[in-house]
Amino acid sequence: QNKAFEITSGLLRLTLVLTTAMAMMAIVVLPYYMDFVSGGRYIGFQYVFEAFLWTAPCVGIMACSQEVLVAMGRQRETVRIAVVMVVCTFIAGLVLVPMYQVGGSIASKVISSAAGALAALALIVRAMGKQIRPMFVMRVAVFVVSSLAAVKAMQWMIDIELIHALAASM
């Protein structure tokens, strides 16, 4: 049981790191990609696309956890993740969308994804007879938030004119 937990923990960590790295790389080039593909039509709404990209670590945790639960013969428990997400989406949407329109919709998506990831972690840890340590959740949150801060800093440092020149030369 401990070996299975160690392997699953390692898999979840790897998934978290890879999905966060993917989101970071995609977000750095997102404004330029949006400008290139849409001719600048959606450039003012890049924050929407960025927020959706930042749900990738949550989705990765959910997908990994669901696969492990299925492998353990506990596939019925995966429905609980969906229920948590539906309830969070409904409540957050009901409260936030009327107040903040698009911003409320984005926040609702991020909240439901985070809640789904937490539910997935709780289910997988419980299925293995362990407990989630609050410090683990804090470390994951600090990792993702510091990655977001790093990618925003990278975006400010990249010269958009250089990217336009490179795109025009292709």
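A search of the whole structure, which is a predicted model, finds two salt bridges, and these make a convenient place to begin.

**Stop one: the charged side chains**

Select Arg74 and Glu77 and show their side chains: the two meet in a salt bridge, with 3.1 Å from N to O. Then add Arg126 to the selection, since the side chains of Arg126 and Glu77 also meet in a salt bridge, here with 3.7 Å from N to O. Arg126 belongs to helix H5 while Glu77 sits in the loop between H3 and H4, so this pair ties together parts that are 49 residues apart in sequence. With the three residues displayed together, Arg74, Glu77 and Arg126 can be seen as a network linked by salt bridges. As general background, side chains of opposite charge can pair when their charged atoms come close.

Which of these residues are buried, and which are partly exposed? Colouring by relative accessible area gives the answer: Glu77 is buried, at 13%, because the cut-off for buried is under 20%. Arg74 has a relative accessible area of 30% and is therefore partly exposed, and Arg126, at 47% relative accessibility, likewise counts as partly exposed.

**Stop two: the whole chain**

Zoom out and switch to a cartoon, in which the protein chain shows seven helices and zero strands, so that from the N terminus on the elements run α-α-α-α-α-α-α. If the C-alpha trace is aligned to its principal axes, it spans about 55 × 40 × 25 Å. Of the 170 residues in the protein chain, 35% count as buried.

**Stop three: the largest pocket**

Next select Cys58, Ala114, Val140, Ala141 and Val144, which are the residues nearest the centre of the largest pocket among the 19 that line it. The volume of this largest pocket is about 410 Å³. To see where the lining comes from, highlight helix H3 (56-71), helix H5 (102-127) and helix H6 (134-157), each of which supplies at least two of its residues. Helix H6 gives the most to this lining, with seven residues. What classes of residue make up the lining of the largest pocket? It has 18 nonpolar residues and one polar residue, and no charged ones.

**Stop four: the second largest pocket**

Now move the selection to Phe5, Ser9, Arg13, Arg133 and Phe136, which lie nearest the centre of the second largest pocket, itself lined by 16 residues. Helix H1 (2-38), H5 and H6 are the elements that give two or more residues to the lining of the second largest pocket. Of these, H1 gives the most, with five residues. The second largest pocket has a volume of about 350 Å³. Colouring its lining by class shows nine nonpolar, three polar and four charged residues, whereas the lining of the largest pocket has no charged residues.

**Stop five: a nonpolar patch on the surface**

For the last stop, turn on the molecular surface and select Val79, Val83, Val87, Phe90, Ile91, Leu94, Val95, Met99 and Tyr100, which together make a nonpolar surface patch of about 900 Å². To place the end of this selection in the cartoon, pick out Tyr100, which is found in helix H4, residues 78-100.

Note on methods:
Residues numbered from 1 in each chain as written. Predicted model: local features only at pLDDT ≥ 70, side-chain atom pairs only at ≥ 80, totals over all residues. Heavy atoms only, no water. 1 Å grid on protein atoms, 1.4 Å probe; cavity = no way out; pocket = protein on both sides within 12 Å on 5 of 7 lines; lining within 4 Å. Points joined across faces, edges and corners; volume = space filled by probe spheres on them. Helix = DSSP H or I, 4+ residues; strand = E, 2+ residues; numbered from the N terminus. Nonpolar A, V, L, I, M, F, W, Y, C, P; charged D, E, K, R; others polar. Patch = residues over 30% accessible without salt bridge, like charges linked within 9 Å, V, L, I, M, F, W, Y side chains within 5 Å. Areas by Shrake-Rupley, 256 points an atom, 1.4 Å probe, with all protein chains shown as cover. Salt bridge = Lys/Arg side-chain N within 4 Å of Asp/Glu carboxyl O. Buried < 20%, exposed > 50% of the residue type's maximum accessible area, 1.4 Å probe, protein only.
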